[in-house]
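Trainee: Hey, got a minute? I'd like to go through this one with you.
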Amino acid sequence: MPIDLRSDTLTRPTPAMREAMAAAEVGDDMFGEDPTVARLEARVAELLGKEAAMFAPSGTMANQLALRAHTEPGDEVILDGNAHIHYYEGGAPAALSGLTCRCLPGVRGIFTAADVEAVLRPADQHFPPTRLVCLENTHNRGGGRIWPQERVREIGALTRERGLRLHLDGARLWNAAVASGIPERQLAAEFDSVAVCFSKGLGAPVGSALCGSGEFIRRARRFRKMFGGGMRQAGILAAGALHALEHHRERLAEDHANARLLADGLATLPGMELDPAAVETNIVIARVTAVPADRLVRELDAAGVRIFSIGPDTIRAVTSLEVSSADIGRALGIFEATLSSLSS
Ligand code: TLP
């Protein structure tokens, strides 16, 4: 079996999770009759300290529903240039909601209230109305970085003062909460809406949720239907998510320890450049100086370790419940042997 570090989305449901899913009580959720979906939505709203939550098929859909529900076509969204919403969602803000993205050059995904303020323009017929600011916590292309709470509070104060909405892509908010010791509801407090995923480190096969005020979620439900994300006996999926929330949150600390173990080992290898202290959660991003990143990815794959290249000289490895600390030890051995064979 290869050691698969491509993503925490690869996690498969455990036997206990499959049992919970098989036993789920279900109904037609588009009639509001699926009790397991209702239970999940109530639990997520409670965990995030929001009035309401809505189950969605994917993180991408949860984010894009938030964008659509906060805005009107022609509006402008401010976010980091490496934000998943802009970088990895297929151009959806423009295609689905008619939005323009104003991208900030964040540092590993993080920017400041002053950065936002600097790109705000006065209300004028020439300018697209700026409606929304989006943050991502943890930040995927930022190497799983956690947003400093002081920065979030400053941005929250600015958006409130300027009448803007604030959305959080919290696909890995669970990781941020475990690593920082700050509860999810506190990490979510400044935001008008938060999208979370159950299908990444939490290990559920499918599913995300969007949270916010009751009125916002009612509006988002209409767009979920319009975008084709209304589901029927979705309680089977919601049961997997509920099981994940109950049983797989605390254990994310193991993934973070494994990521650090991997980073510590990689940092000692010639041909790799990274700062292990920058690894805060379950994502390790490193520069490859020995060979092009794609070449290393191919050679590692042949030797039994799977990772992604996310740039010409950059690789990403992600830990999850599919990967043990023994796997990390084996992976490091394979990295070392592969790098040394490539440089000889
Ligand atoms: N990220 C995936 C890929 O799309 C890159 C991964 O392997 O990391 N927000 C964030 C921050 C994400 O990392 C992802 C998935 C999503 C949203 C989208 O979730 P899905 O895949 O459920 O649409």
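Mentor: Sure. Keep in mind that this is a predicted model. Let's start with a contact you can find on screen: the side chains of Glu280 and Arg145 meet in a salt bridge, at 4.0 Å from N to O.

Trainee: Okay, found it. How many salt bridges are there between domain 1 and domain 2?
Mentor: The count between the two domains is 2. There are also 8 residue pairs in polar contact between them, with both residues at pLDDT 80 or more.

Trainee: Which helix gives the largest share of the side of domain 1 that touches domain 2?
Mentor: That's helix H8, residues 173–180, with 4 residues. Taken as a whole, that side of domain 1 divides into 7 nonpolar, 10 polar and 6 charged residues.

Trainee: Back up a sec, where are the domains in the chain?
Mentor: The domain assignment puts domain 1 at 8–247 and domain 2 at 251–343. Their centres, taken over C-alpha atoms, are 28 Å apart.

Trainee: And how many residues are in contact?
Mentor: 23 from domain 1 and 17 from domain 2. About 1600 Å² is buried between the domains, and carbon and sulfur atoms give 53% of that.

Trainee: New topic: sheets. What's the strand order in the open one?
Mentor: The order is E9-E10-E13-E12, 4 strands with antiparallel pairing. Strand E9 (272–273) and strand E12 (308–311) sit at the edges, so to speak, each pairing on one side only.

Trainee: How many bridges join E9 and E10?
Mentor: 2 bridges, with E10 covering residues 283–288. Look at Met272 for an example: the bridge partner in E10 is Val288.

Conventions: Residues numbered from 1 in each chain as written. Predicted model: local features only at pLDDT ≥ 70, side-chain atom pairs only at ≥ 80, totals over all residues. Heavy atoms only, no water. Domains from an automatic or database assignment. Contact = heavy atoms within 4.5 Å. Buried area = accessible area lost by both parts, 1.4 Å probe. Polar contact = N/O pair within 3.5 Å; in protein donor to acceptor, adjacent residues only side chain to side chain. Nonpolar A, V, L, I, M, F, W, Y, C, P; charged D, E, K, R; others polar. Pairing = 2+ DSSP bridges.
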